[in-house]
Amino acid sequence: MASIIKRKKAYSVVYSYTDERGETKQKWETCYSHKEALKRKAEIENQQFNGTFLPPNKTTVSSFLEDFVRTYGMNKWGVSMYDTNTAIIANYINPLIGDMEVQAITARVADQYIQTLKKTPAVSRNNRKARTQYVTDKTIIKIVKLLRCAFKQAVRWELIGKNPFDNVVLPKVEYKKREIWDADTIRKALDECTDSKLYISMNLAFACSLRIGEILGLTWDNVHIEDEDIAADNAYIFIDKELTRATKQAIEMLGEKDIYHIFVPLLSNTSTRIILKKPKTDSSIRKVWLPKTVAYILREWKKAQDELRDFLGDEYQDNNLVVALPNGRPCENRIIEKEFLNLKEKAGLPNVVFHSLRHSSTTYKLKLNHGDLKATQGDTGHAEIDMITKVYAHILDEDRKINAQKFESAFYANPDLRNVKPPQEEPQPTQIDLNALIEQLQKSPELANTLAAIISAKPTC
């Protein structure tokens, strides 16, 4: 049983409980109205009667999240996810609510925390400066997603009765139309490009809809460009890994799960390593067919790379990477992005990021295949087809306009609804081959005379 004791302007709900050591303790909970105290008293008594009462626990959010990362994260996350989530905890969770007790985090506190995040300065990390002054709505959604997962475990571990982040009010993120290059601009960029690594990367990003990590992680054993493959339009690449940089801490904590290769660093005292790892989702593992021209470009690039390897001999570090530095070492995305920036400035091209080439590719394919989402998703490797419909809705709308025009012709333009038929295609005007006609007239004087008679007999306007 619980009791209510008035203390000045507040009310305390007093009750006894048994802690994890089996000792009987007394707890005083402060409420600021009699109505609130009555509600809390009834809640405690009901939980004690039903056996669902959770004894008070002074575990702080930061301490709990440390256990959560060690027990849940190590089993569920890859190295990239580990680095991302631990950075979120260090930068945006612990500084704001890390000292609070887990049981003090209510739905109201969660909503207030989200409002605080909107006014929190964005933190730079991994040698990358923050691009915005404050935490973006997109980042806030990532933070809440992590906390929702963490507090779900807190419910499982019987630290709290319900998850305070289940029904929080999230900021609305609108998918904006991507700024991309059209096909003519990409042609111009390729014509102006003088850096071979960037040239290959741009072709793979546009023709194959690849992410930068997939391009830099592509190895020659996954490139199929033999003569018979190209002749049969069956040249393709197979995407099953990506190149990224991960912290030593993540690698040590998680082991080498989903890591295919760790490259030896140039400096042994660095806190990060370049790695080849399994893609984030299974849908990213895919086969992508190559246009003939791209297949021939890759063959020429392979020939030049082999010649350079033979020339450098032991100085060349052969990692079998398609896009590599001149000495064979892995090429990081920052190198490609820097060369891409130089190309834009030199050629006077519209300012887009390298990743926009993947969006140009997706847009172009949707136009070519009239909005075939499944075929496009197969090339892009998006986990959810809904991602394509959100980001590229403006492209799909163009085909939907055609649907409306066909509907108008077949239905509304015909008042007799019993005779609705598909609209007839307008006949195309016949093209006259003048050279062939002249040749026939020269061979047949009778045909020439007949034609002259017809022309002379035709009435004039």
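1. A word on terms before we start: a residue is called buried when its relative accessible area is under 20%. With that in hand, look at strand E8, residues 272-277, where six of the six residues are buried. This is a predicted model, so please read everything below in that light. Both faces of E8 are covered. Thr272, Ile274 and Leu276 are buried on one side, while Arg273, Ile275 and Lys277 are buried on the other.

2. Now for the partners of E8. Strand E6 (residues 242-247) runs antiparallel to E8, and six bridges join the two. If you want a place to start on screen, find alanine 246, whose bridge partner in E8 is arginine 273. Strand E7 (residues 259-262) is also antiparallel to E8, with three bridges between them. Here isoleucine 262 stands opposite isoleucine 275 of E8. Both of these E8 partners, Arg273 and Ile275, belong to the side that also holds Lys277.

3. There is also an open sheet of three strands, in the order E4-E5-E9, paired antiparallel. Strand E4 (223-224) and strand E9 (286-289) are the edge strands, each with a single partner, so one side of each has no neighbour in the sheet. Strand E5 (residues 236-239) is joined to E9 by four bridges. A handy marker for this pairing is isoleucine 239, which stands opposite arginine 286 in E9.

4. Helix H11 (residues 292-312) is worth a quick length check. Its 21 residues should span 30 Å at 1.5 Å a residue, and the C-alpha atoms at its ends are 31 Å apart, which agrees. The buried residues of H11 are Val294, Ala295, Ile297, Leu298, Trp301, Gln305 and Asp306. Their cover includes helix H7 (196-208), strand E4 and helix H9 (227-231). Directly after H11 comes glycine 313, with a positive phi near 60°.

5. Tyrosine 199 gives a close-up of one residue of H7. Not counting residues up to four places away in sequence, this tyrosine touches Leu190, Cys193 and Ile297. The last of these, Ile297, is among the buried residues of H11. Tyrosine 199 itself counts as partly exposed, because its relative accessibility is 28%. From its C-alpha to that of alanine 189 is 9.0 Å, and the two residues are ten apart in sequence.

6. A few backbone angles deserve a second look. Most residues other than glycine have a negative phi. Serine 209 is not a glycine, yet its phi is positive, about 60°. This serine sits in the loop between H7 and helix H8 (212-216), and it is buried, with a relative accessible area of 0%. Asparagine 320 also has a positive phi, near 65°. It belongs to the loop between H11 and helix H12 (333-347). How accessible is asparagine 320? Its relative accessibility is 31%, so it counts as partly exposed.

7. Turning to the start of the chain, strand E1 (residues 2-7) and strand E2 pair in the antiparallel sense over six bridges. Isoleucine 5 has serine 12 in E2 as its bridge partner. The hairpin formed by E1 and E2 has two residues between its strands, and lysine 8 in this hairpin takes a positive phi near 55°.

8. Which residues lie nearest the centre of the second largest pocket? They are Glu29, Arg40, Glu43, Gln103 and Thr106, out of 40 residues in its lining. The elements that give two or more residues to this lining are strand E2 (10-18), strand E3 (24-31), helix H1 (34-50) and helix H4 (107-117). E3 provides the largest share, with six residues. The space in this pocket comes to about 1500 Å³.

9. Finally, some totals for the whole chain. The secondary structure comes to 18 helices and nine strands. Of the 461 residues, 36% count as buried. The accessible surface is about 29100 Å², and 52% of it belongs to carbon and sulfur atoms. Among contacts between residues at least 6 apart in sequence, 63% join residues at least 24 apart.

Notes: Residues numbered from 1 in each chain as written. Predicted model: local features only at pLDDT ≥ 70, side-chain atom pairs only at ≥ 80, totals over all residues. Heavy atoms only, no water. Buried < 20%, exposed > 50% of the residue type's maximum accessible area, 1.4 Å probe, protein only. Pairing = 2+ DSSP bridges. Expected span 1.5 Å × (residues − 1). Contact = heavy atoms within 4.5 Å. Areas by Shrake-Rupley, 256 points an atom, 1.4 Å probe, with all protein chains shown as cover. 1 Å grid on protein atoms, 1.4 Å probe; cavity = no way out; pocket = protein on both sides within 12 Å on 5 of 7 lines; lining within 4 Å. Points joined across faces, edges and corners; volume = space filled by probe spheres on them.
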